[in-house]
Amino acid sequence: MIKKISRRSFLQACSVAAATAALTACGGGKAESKTADAHEAVTFMAPYKEIEAFIEQVHSVYPEVNIEVVPYSGDNTTTCLQNMFAAGDLPDVCTLTYYDPQIDLVSDKLLDLSGYDFTDNYVESRLQDVFDNGAIYLLPSVYNCYGITYNKTLLREHGWELPNSFAELEVLAAKAKEAGVDLCLPQIQYPGYGFQYLCNIADADFLGTLDGRLWQKDYLSGKANIGVQGVQTR
């Protein structure tokens, strides 16, 4: 099935059985295919650890497929993949850390996956996020989980029960307001988080360039400053 595309580079965030749970942590590593070289290798780049588990999952369905992993061990996955995509220097299968079908034009580089059966393994609402006029060029993967952290000591001091639903949380919110307690704080309000957030954005853009890396080195050594509204900070 994969070789039917005649080596046309394409991306899909999860392939075959949703790429298994192996695609989790960042990092690099090279794994070799366990199959014979009877078929031309399908090049695959995914900057994750335990890539062997993914290959085993593929071989459990398509044992004849020869997979050649393109390793990546850098510290800026987003910039690396974006540069590869812009240059058209793509392996057969790889991932992107960001994709907006309303902005990113990919139809000239990627294969439309909407006709393949494995797309049925995805929740329809998630596929809506990647639909491009009915076509699917990439598949969603590696979602973040969000939760709420409670201060048990504060709850105990006020005699409040831990809420188990949003309805109970609304009741607790009223009690907290009456007691003069801030119910919650988003992460960006914590000291230093806003600065770290901006650095993460910069790391995916300017700091990922050669000039950005040179500036970062100079800044860490004290040779460069940051100018903020006329104020020089170090």
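Two residues are taken to be in contact when heavy atoms of one lie within 4.5 Å of heavy atoms of the other. The structure described here is a predicted model, and contact in this sense is used below to describe how its helix 5 is covered.

The chain has 234 residues, of which 33% are buried. Its secondary structure consists of seven helices and seven strands. Read from the N terminus, these elements follow the order β-α-β-α-β-α-β-β-α-α-α-α-β-β. Among contacts with a separation of 6 or more, 62% join residues that are 24 or more positions apart. The accessible surface of the chain amounts to about 15400 Å², and carbon and sulfur atoms contribute 52% of this area.

In soluble globular proteins, nonpolar side chains tend to be buried together. The largest nonpolar core of this model contains 22 residues, and the members that touch the most others are Val106, Leu110, Tyr137 and Leu139. Helix 2 (77-87) and strand 5 (135-136) are the elements that supply two or more residues to this core. Helix 2 provides the largest share, three residues. A second core, separate from this one, is made up of eleven residues, among them Val42, Phe44, Val65 and Val93.

Helix 5 covers residues 166-178. With 13 residues at 1.5 Å a residue, helix 5 should span 18 Å, and the distance of 19 Å between its end C-alpha atoms agrees with this expectation. Leu169, Leu172 and Ala176 are the buried residues of helix 5. These three residues lie on the same side of helix 5, because they cover an arc of only 60 degrees around the axis. An α-helix has 3.6 residues a turn, so residues three or four places apart point the same way. The other side of helix 5 carries the exposed residues Glu170, Lys177 and Glu178. Helix 4 (152-158) is included in what covers the buried residues of helix 5. After helix 5 comes Gly180, which has a positive phi, near 75 degrees.

Helix 6 comprises residues 193-203 and contains Ala202. The relative accessible area of Ala202 is 25%, and this residue is therefore partly exposed, given that the partly exposed class lies between 20% and 50%. Apart from neighbours within four places in sequence, Ala202 has contacts with Leu207 and Gly208. Ala202 is also separated from Gly212 by ten residues in sequence, and the C-alpha to C-alpha distance between Ala202 and Gly212 is 8.9 Å.

Three aromatic pairs are found in a search of the whole structure. One of the pairs is formed by Tyr116 and Phe118, which are stacked, with 5.6 Å from centre to centre and 15 degrees between the planes. Tyr116 and Phe118 are both buried. Trp215 and Tyr219 also form a stacked pair, because their ring centres are 5.1 Å apart and their planes lie at 10 degrees, which is under the limit of 30 degrees for stacking. Trp215 and Tyr219 belong to helix 7 (residues 210-220), where a spacing of four residues means that about one helical turn separates them. Trp215 is partly exposed, with a relative accessible area of 28%. Tyr219 likewise counts as partly exposed, at 21% relative accessibility.

Notes: Residues are numbered from 1 along each chain as its sequence is written. This is a predicted model: local features need pLDDT of at least 70, side-chain atom pairs count only at pLDDT 80 or more; totals for chains, interfaces and linings use all residues. Side-chain values use heavy atoms; hydrogens and water are left out. Buried means under 20% relative accessible area, exposed over 50%, partly exposed in between (1.4 Å probe, protein chains only). Accessible areas come from the Shrake-Rupley method with a 1.4 Å probe; for residues, only the protein chains shown count as cover. A nonpolar core is a set of buried Ala, Val, Leu, Ile, Met, Phe, Trp, Tyr and Cys residues joined through side-chain atoms within 4.5 Å. The expected span of a helix is 1.5 Å times one less than its number of residues. The arc is that of the directions from the helix axis to the C-beta atoms. Rings of Phe, Tyr and Trp (its six-membered ring) pair if their centres lie within 6.5 Å; planes under 30 degrees apart count as stacked, over 60 as edge-to-face and the rest as tilted.
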